Amino acid sequence: MVETIFAEVELKVPIEQIWKAQVADGPNCMPKIFPAFIESIETLEGDGGAAVPYARYVKEHVDVLNDETYIFSYTVIEGGGLGEIFDYYKATISFKPGADENTTIGRWSLDYSLIDERPGLPAQLKRRNVDVFKTVEAYLLSGASAQTEKKLHHI
């Protein structure tokens, strides 16, 4: 049986910034933001992908990648606990404008089916994904992304 969980968090960064760092330019940004968890993100075909923070290897099918509506949805097709923990794993990351131009509401949802009972896993997944949003936010607020972009332009 497929179940759904979600988490929502307010972020103190503009929507375009968080979208770029976490999704649109995720293959470049996410390994810098999470070097202990993400070694690399490689696009095999299509328009992009993202990493599941707790997985050693994940292959995903990008279902939706919309730069206008700020929605990114993917289904894990290999790795990422598929076949070990999950029978099915489809996540959606979306952003909508917050109270002003410098805030964003980040939303993560997961449609999943577990192979066996794992008490506490849904809450753990929600926490981890809120942590991802907040870590990307902290990275952007620290100015690290601007410094990284400057360095890349000088190469």
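How exposed is Asp116, in terms of relative accessible area? Asp116 comes out as partly exposed, at 40%, where buried means under 20% relative accessible area, exposed over 50%, and partly exposed in between (1.4 Å probe, protein chains only). The model behind this value is predicted, so local features need pLDDT of at least 70 and side-chain atom pairs count only at pLDDT 80 or more, while totals for chains, interfaces and linings use all residues. Residues are numbered from 1 along each chain as its sequence is written, and side-chain values use heavy atoms, with hydrogens and water left out.

Salt bridges come next. A search of the whole structure turns up 3 of them, a salt bridge being a side-chain nitrogen of Lys or Arg within 4 Å of a carboxyl oxygen of Asp or Glu. Asp116 takes part in one, with Arg118 as its partner at 3.2 Å, N to O. Arg118 is partly exposed too, with a relative accessible area of 32%. Glu117 lies in the loop between S5 and H3; here helices (H or I, at least four residues) and strands (E, at least two) are DSSP runs, numbered from the N terminus. Glu117 counts as exposed, at 73% relative accessibility. Its C-alpha atom is separated by 9.2 Å from that of Ile85, and the two residues are 32 apart along the chain.

Another salt bridge links Lys134 and Glu137, at 2.7 Å from N to O. Both residues belong to helix H3 (residues 121–141) and are 3 residues apart, about one turn of the helix. Their surroundings differ in category: Lys134 is partly exposed at 32% relative accessibility, whereas Glu137 is buried at 6%.

Arg107 and Glu8 also form a salt bridge, and their closest N and O atoms are 3.6 Å apart. Arg107 sits in strand S5 (residues 104–114) and Glu8 in strand S1 (residues 3–11), so this pair ties together parts that are 99 residues apart in sequence. Arg107 is partly exposed, with a relative accessible area of 30%, and Glu8 is partly exposed at 44%. Arg107 has a ring to deal with as well: its charged end sits over the ring of Phe6, 4.1 Å from the centre. For a charge to sit over a ring, NZ of Lys or CZ of Arg must be within 6 Å of the ring centre and within 35 degrees of the ring normal.

On to the aromatics. The count comes to 6 aromatic pairs, where rings of Phe, Tyr and Trp (its six-membered ring) pair if their centres lie within 6.5 Å, and planes under 30 degrees apart count as stacked, over 60 as edge-to-face and the rest as tilted. One of these pairs is Phe72 with Tyr74, whose ring centres are 5.4 Å apart with planes at 35°, so it is tilted. Phe72 is buried, with a relative accessible area of 1%, and Tyr74 is buried at 3%. The rings of Phe86 and Tyr89 have centres 4.9 Å apart and planes at 80°, so that pair is edge-to-face. Both Phe86 and Tyr89 are buried. Elsewhere, Trp19, Tyr70, Phe95 and Phe133 make up one aromatic cluster.

The largest nonpolar core has 34 residues, and Phe95, Trp108, Leu110 and Val136 have the most contacts inside it. Such a core is a set of buried Ala, Val, Leu, Ile, Met, Phe, Trp, Tyr and Cys residues joined through side-chain atoms within 4.5 Å. S1, helix H1 (15–24), helix H2 (26–33), strand S3 (71–79), strand S4 (86–97), S5 and H3 each supply at least two residues of this core, and the largest share, 7 residues, comes from H3. Trp108 touches Ile5, Phe6, Ala91, Ile93, Leu125 and Phe133, among others, leaving aside residues up to four places away in sequence; contact means heavy atoms within 4.5 Å.

The strand pairings round off the picture. Two strands pair if DSSP finds at least two bridges between them. S3 and S4 do so in the antiparallel sense, over 5 bridges, and Tyr74 has Ala91 in S4 as its bridge partner. The S3 and S4 hairpin has 6 residues between the strands, and in it Gly80 takes a positive phi near 60°. S4 and S5 also run antiparallel, joined by 11 bridges, with Ile105 in S5 as the bridge partner of Lys96. A hairpin through 6 residues joins S4 to S5.
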